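Let's take a walk through this one together. Have a look at the chain below, and then we'll go from one helix outwards to the whole fold.

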Amino acid sequence: MENLWTKNLRKIDPYVPGEQSSDRDIVKLNANENPYPPSPMAVQAIKNFDTGSLRFYPNANATPLKRAIADYYNVGVENVFLGNGSDDVIAVAFQALFNSDLPVVFPDLTYSFYPVWCSLFGIPYKNYPVGDDFRINAEDYEEKNGGVIIPNPNAPTSVGEGRDFVEKIMEYNADSVVIIDEAYVDFGGESSVELTKKYENLLVTGTFSKSRSLAGLRIGFAIGSERLVSVLEAVKNSYNSYTVDSISIAAGVASILDDDYFKQTCSKIIETRQYVTAQMRSMGFKVLDSKTNFIFATKDDASMKDMFEYLKTQKVYIRYFSLPRIENYVRITIGTDREMEIFLEKVKEYIG
């Protein structure tokens, strides 16, 4: 017989991340990680870190890193919020900003953490289907709602929209908080940070995990009006005042200051992405135009699930989603040129 206390345990289907393998020989293209190391300045900041200071709590407001981000994006320190990765930042935003009886709305094909948070926090939600071309229709979001969240560029589709699209979303949602998740914007997308100065109800989130190669340090941020950020701070400080550790603060500041390295690695990933896209299209794959550090691809006369499984036997890991509408697509992170040549060679073997 089941114990009565078990009835009080929360039942939820959690987010499932890309598979992590301890095998260092694999070509790992399944988690949208950056194939290049962090900025040399960030590495040096970690090496020079005074480990004796770890006995103290970190700066609760992570002020040095906030200031560096504010300067970089030309906003005020009061407009920056920090957390333990952008997942933490967005989770806080769901709790702080989505408190209506109306549903929060987002695309049907998008970051799968969104419905998990809604279920966890008891937030009603509604999906709008993306088009056959996987584009998001701004007019869908004209309907009254309890909040909007849209990744731009979107994941897993890799499709990005321009600033006009975001302006439309804002015009349709003057009475709702709108979150634009920009985890991948540095790989060719168009940022909406400047629009936060125009719209007090707009929050833009970002991460150091992708374009700054610091996924292991977990640094996420949001930029928005002082009013939105103050509410985020109040919620964060209600359960954890120290979300960014001291080493992450030091490395994050150094990474922001090393802008040349940041731009070089982003450009390299874009260049490799364009090459791999062209190669796959020449093999008969349909590859969406990507604004991210990954591509989304299918082939009408081949099973992408079988290709995913075959590549895994060859120690090449990509991502497959067994979901309606995209059950014959795969998501491929852009690695180094050498890694992508191995990937292309194995794909040729599979389809050959």
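Which strands and helices are among what covers the buried residues of H2? Before you answer, bear in mind that this is a predicted model. The cover includes two strands, S2 (80-83) and S8 (220-224), along with helices H6 (226-236) and H7 (246-257).

Helix H2 itself takes in residues 63-73. Its buried residues are Leu65, Lys66, Ala68, Ile69 and Ala70. Note that a lysine is on that list, as Lys66. A bit of helix geometry helps in reading such a list: with 3.6 residues a turn in an α-helix, residues three or four places apart point the same way. Just past the helix comes Asn74, and its phi is positive, near 60°.

Now for another helix. Met41 sits in H1, which covers residues 40-47. Where does Met41 make contacts beyond its own stretch of sequence? Leaving out residues up to four places away, Met41 touches Ala254, Leu257 and Asp258. Ile256 gives a feel for the jump along the chain: Met41 and Ile256 are 215 residues apart in sequence, yet their C-alpha atoms are 9.3 Å apart in space. Even with those contacts, Met41 counts as partly exposed, because its relative accessible area of 38% falls between the 20% and 50% cut-offs.

Here is Met41 lined up with two cysteines:

| Residue | Relative accessible area | Class |
|---|---|---|
| Met41 | 38% | partly exposed |
| Cys118 | 1% | buried |
| Cys266 | 5% | buried |

Both Cys118 and Cys266 are buried because their values, 1% and 5%, are under the 20% cut-off. If you were wondering about disulfides, a search of the whole structure finds zero.

Time to zoom out. The protein has 10 helices and 13 strands. Its radius of gyration is 21 Å, close to the 20 Å that the globule rule gives for 352 residues, so the protein is as compact as a globular protein of that length. The C-alpha trace spans about 60 × 55 × 50 Å along its principal axes.

How much of the protein is buried? Buried residues come to 53% of the 352. Among contacts with a separation of 6 or more, 73% join residues 24 or more positions apart.

On the outside, the protein exposes about 16400 Å², with carbon and sulfur atoms supplying 49% of that area. As for charge, there are 37 positive and 48 negative ones, and their mean positions are 3 Å apart.

Key
Residues are numbered from 1 along each chain as its sequence is written. This is a predicted model: local features need pLDDT of at least 70, side-chain atom pairs count only at pLDDT 80 or more; totals for chains, interfaces and linings use all residues. Side-chain values use heavy atoms; hydrogens and water are left out. Helices (H or I, at least four residues) and strands (E, at least two) are DSSP runs, numbered from the N terminus. The radius of gyration is taken over C-alpha atoms; the globule rule is 2.2 Å times the number of residues to the power 0.38. Buried means under 20% relative accessible area, exposed over 50%, partly exposed in between (1.4 Å probe, protein chains only). Contact means heavy atoms within 4.5 Å. Accessible areas come from the Shrake-Rupley method with a 1.4 Å probe; for residues, only the protein chains shown count as cover. Lys and Arg count as positive and Asp and Glu as negative; His and the chain ends are not counted. The place of a charge is taken as NZ of Lys, CZ of Arg, CG of Asp or CD of Glu. A disulfide is a pair of cysteine sulfur atoms within 2.5 Å.
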